[in-house]
Amino acid sequence: MSFIYEEKRSSSPYVDVVWRTEDQTDGVYIASADASWDMIFIQTKEGKRRVLLSGPCSKTTPVPYSAGNKNFGMRFKPGVIFTGLPVTGMVNVTKALPVRNKDTFMLKGITWKMPAYENIDEFLANLVEHGLLRMDPVVRDVLEGRAVNISTRSIQRHFAKTIGMSPRQVKQIESARKAVGLLLQGRPLVDVSYELGYADLPHMIRMLKRYTGFTPMGNKRRGEHI
């Protein structure tokens, strides 16, 4: 691995994981599909700052990185909504947010202080306080396996409005990500395929190749978190 990776959980109910990396060399990371919003903070070796906001992603994305860069960010949970930022036009899209100086950036017309990996929960709490984050309860319940008392078509509309994808596609992406996590723990391929409900091992191989860019063994060999 050509970068140092660390992650932690957040106290925010809107966030799946908080992570940071330090790039050791120049290279390209293949980011897996995640069906989630992401926010990334970058500091180059020259000290310049960038802030990126990525919409839900349905495909793999090559992400260049440069030696000396320090990065951190958060992956929001599927179903999280950025209030006033329609998901339409943001699926598979990453936008750079305006950076005013090394200490502040702009989001939704508000000037925000650059957070740090260590105080990211405070930043997330401020986003909530300003009404920028909320969760679609239908999407949340469907993905967590709880019954929802609305029609299939209504469920599809919630997913389309919130994530820009169908429930089936989001579940496929979630399963692929879980599969990689289990494989990196050393679980046998057949056991992972059975536990996650794939029709057979070839089916799992196809889904991981589609949504992570690598076969199961390829993911184990590269040993990188997704």
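**Helix packing, sheets and pockets in a predicted model**

User: How do H4 and H6 lie to each other, roughly parallel or roughly perpendicular?
Analyst: In this predicted model, helix H4 (167-184) and helix H6 (residues 201-212) pack at an angle of about 100°, with their axes 9 Å apart. Angles from 65 to 115 degrees count as roughly perpendicular, and H4 and H6 are therefore to be described, with respect to each other, as roughly perpendicular.

User: How many residues in the contact of H4 with H6 are nonpolar?
Analyst: On the H4 side the contact residues include Ile173, Ala176, Ala179, Val180 and Leu183, while H6 contributes, among them, Met204, Met207, Leu208 and Tyr211. The remaining classes in this contact are three polar residues and one charged residue, and the nonpolar residues number nine.

User: Which strands stand at the edges of the six-stranded open sheet?
Analyst: The strands of this sheet follow the order S1-S2-S7-S4-S5-S9, with antiparallel pairing. An edge strand has a single partner strand, so one side of it is left without a neighbour in the sheet, and this applies to S1 and S9.

User: What angle does the direction of H1 make with that of S7?
Analyst: S7 is paired with S4 in the antiparallel sense over six bridges, and one such link joins Gln43 to its bridge partner Lys70 in S7. Helix H1 (residues 120-129) packs on this sheet, where it touches S1, S2, S4 and S7, and the angle between the directions of H1 and S7 is about 45°.

User: What is the average turn between neighbouring strands in the sheet of S10, S11 and S12?
Analyst: These three strands form an open sheet in the order S10-S11-S12, with antiparallel pairing. S10 and S12 each have a single partner strand, so one side of each is left without a neighbour in the sheet. With direction ignored, the average turn of neighbouring strands against each other in this sheet is 35°.

User: Which residue in the hairpin of S11 and S12 takes a positive phi?
Analyst: Strand S11 (residues 104-107) and strand S12 (residues 110-113) are paired in the antiparallel sense over four bridges, and in S12 the bridge partner of Met106 is Thr111. There are two residues between the strands of this hairpin, and the residue with a positive phi near 55° is Lys108.

User: Which strand gives the most residues to the lining of the largest pocket?
Analyst: The largest pocket holds about 1,000 Å³ of space, and of the 35 residues that line it, Trp19, Tyr29, Ala31, Ile40 and Val63 are the closest to its centre. By class the lining has 15 nonpolar, twelve polar and eight charged residues. Strands S1 to S7 each supply at least two lining residues, and the strand that gives the most, with five residues, is S6.

User: Which element supplies the largest share of the lining of the second largest pocket?
Analyst: This pocket has a volume of about 770 Å³, and its lining of 24 residues has Asp16, Arg75, Glu174, Arg177 and Lys178 nearest the centre. The elements that give two or more residues to this lining are S1, S2, H2 and H4, and by class it divides into eight nonpolar, four polar and twelve charged residues. The element with the largest share, at eight residues, is H4.

Key:
Residues are numbered from 1 along each chain as its sequence is written. This is a predicted model: local features need pLDDT of at least 70, side-chain atom pairs count only at pLDDT 80 or more; totals for chains, interfaces and linings use all residues. Side-chain values use heavy atoms; hydrogens and water are left out. On a 1 Å grid over the protein atoms alone, a cavity is a set of points where a 1.4 Å probe fits but cannot get out, and a pocket is an open set with protein on both sides within 12 Å along at least five of seven lines; lining residues have an atom within 4 Å of a point. Grid points are joined across faces, edges and corners, and a volume is the space filled by probe spheres set on the points. Ala, Val, Leu, Ile, Met, Phe, Trp, Tyr, Cys and Pro count as nonpolar, Asp, Glu, Lys and Arg as charged, and the others, Gly among them, as polar. Two strands pair if DSSP finds at least two bridges between them. Contact means heavy atoms within 4.5 Å. Axes are lines fitted to C-alpha atoms, for helices over the stretch in contact, and angles run from 0 to 180 degrees between N-to-C directions. Angles under 35 degrees count as roughly parallel, over 145 as roughly antiparallel, 65 to 115 as roughly perpendicular and the rest as oblique.
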